[in-house]
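Biologist: I am new to this structure and would love a close look at one part of it. Could you take me to the loop residue you find worth a visit, and show me what lies around it?

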Amino acid sequence: FSGVLAEEVLLALLELQEELADARGSVPTGETVALSDVCYAPLNPEEPTLGDCCVNSVTQYFQNNRSRLTMVAPQQPGTADWRDHLIYCVNSPLSFKDITALELSCMAEYGGP
């Protein structure tokens with residue numbers, strides 16, 4: 001894995017997403033607006049939180065969680081890491097638990113695929 005699928009790039013992407021998620025803006029009425037005020041939240045459309053927003057990104061395979069992205073677990077042979085989880089999720093995006101030693105969900109933070 002290299003280029004846009006290098007761990008450093010995914011971590012930088014996650015950091016950028018976190019910065020954008022925290023961004024606020026003002027509307028002409030003076031009200032402050034956040035992403036959760038304007039996002040598409042299919043599983044909680046009435047009162048969405050930031051975690052309910054449908055943000056399509058490769059980091060959603062790790063629920064936008066830095067700890068999950070950097071996890072390493074022993075398995076035979078060797079170890080399982082983000083690469084193994086990503087390959088599994090690309091092939092089984094609706095899985096709630098991958099078959100690697102990481103045993104992570106492929107579902108996004110907002111609950112969808």
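Modeller: Let's start with the span itself: residues 1–113 are 29% helix and 9% strand, and the C-alpha atoms at the two ends lie 23 Å apart. Please keep in mind that this is a predicted model. The UniProt record, an unreviewed entry, gives these residues, 1–113, the feature "domain: NPC1 middle luminal". Four helices and four strands make up the secondary structure of the chain, and along the sequence they come in the order α-β-β-α-α-β-β-α. If you turn the model to its principal axes, the C-alpha trace spans about 60 × 25 × 20 Å. Of the chain's 113 residues, 35% count as buried. Among contacts between residues at least 6 apart in sequence, 48% join residues at least 24 apart.

Now to the part I would like to show you, glutamine 63. You will find glutamine 63 in the loop between α2 (35–38) and α3 (66–69). Is glutamine 63 buried or exposed? Its relative accessibility is 12%, and buried means under 20%, so glutamine 63 counts as buried.

Who are its partners? Setting aside residues up to four places away in sequence, glutamine 63 touches Arg68, Ser105, Cys106, Met107, Ala108 and Glu109. With one of these, methionine 107, there is a polar approach to look at: a polar atom of the glutamine 63 side chain lies 2.6 Å from the backbone oxygen of methionine 107.

The backbone of glutamine 63 deserves a glance too. Its phi is near 55°, a positive value in a residue other than glycine. As a general rule, most residues other than glycine have a negative phi. Glutamate 103 also has a phi near 55°, again positive in a residue other than glycine. Glutamate 103 sits in the segment after α4 (82–91). There the relative accessible area is 48%, so glutamate 103 is partly exposed.

Let's stay with Glu109, one of the residues touched by glutamine 63. Glycine 51, which is in the loop between α2 and α3, is in contact with Glu109 and Tyr110 once its neighbours within four places in sequence are left aside. From glycine 51 you can also look across to alanine 41: they are ten residues apart in sequence, and their C-alpha atoms are 8.9 Å apart in space.

Glu109 leads us on to the largest pocket, which has a volume of about 260 Å³. It is lined by 14 residues, and the closest to its centre are Gln17, Ala21, Val55, Asn64 and Glu109. Which helix gives the most to this lining? That is helix α1 (residues 7–21), with five residues. Sorted by class, the lining has eight nonpolar, four polar and two charged residues.

One last stop lies further along the chain. Proline 77 is in the loop between β3 (73–74) and β4 (79–80). A cis peptide bond joins glutamine 76 to proline 77, with omega about -10°. In general, most peptide bonds are trans.

To retrace the walk: glutamine 63 is a buried residue with Glu109 among the residues it touches, and Glu109 is in turn one of the residues closest to the centre of the largest pocket.

Notes: Residues are numbered from 1 along each chain as its sequence is written. This is a predicted model: local features need pLDDT of at least 70, side-chain atom pairs count only at pLDDT 80 or more; totals for chains, interfaces and linings use all residues. Side-chain values use heavy atoms; hydrogens and water are left out. On a 1 Å grid over the protein atoms alone, a cavity is a set of points where a 1.4 Å probe fits but cannot get out, and a pocket is an open set with protein on both sides within 12 Å along at least five of seven lines; lining residues have an atom within 4 Å of a point. Grid points are joined across faces, edges and corners, and a volume is the space filled by probe spheres set on the points. Ala, Val, Leu, Ile, Met, Phe, Trp, Tyr, Cys and Pro count as nonpolar, Asp, Glu, Lys and Arg as charged, and the others, Gly among them, as polar. Buried means under 20% relative accessible area, exposed over 50%, partly exposed in between (1.4 Å probe, protein chains only). A polar contact is a pair of N or O atoms within 3.5 Å; within protein, one must be able to donate a hydrogen and the other to accept it, and residues adjacent in sequence count only if both atoms are side-chain atoms. Contact means heavy atoms within 4.5 Å. UniProt positions are given in the numbering used here, feature names are shortened, and annotations may be inferred rather than shown by experiment.
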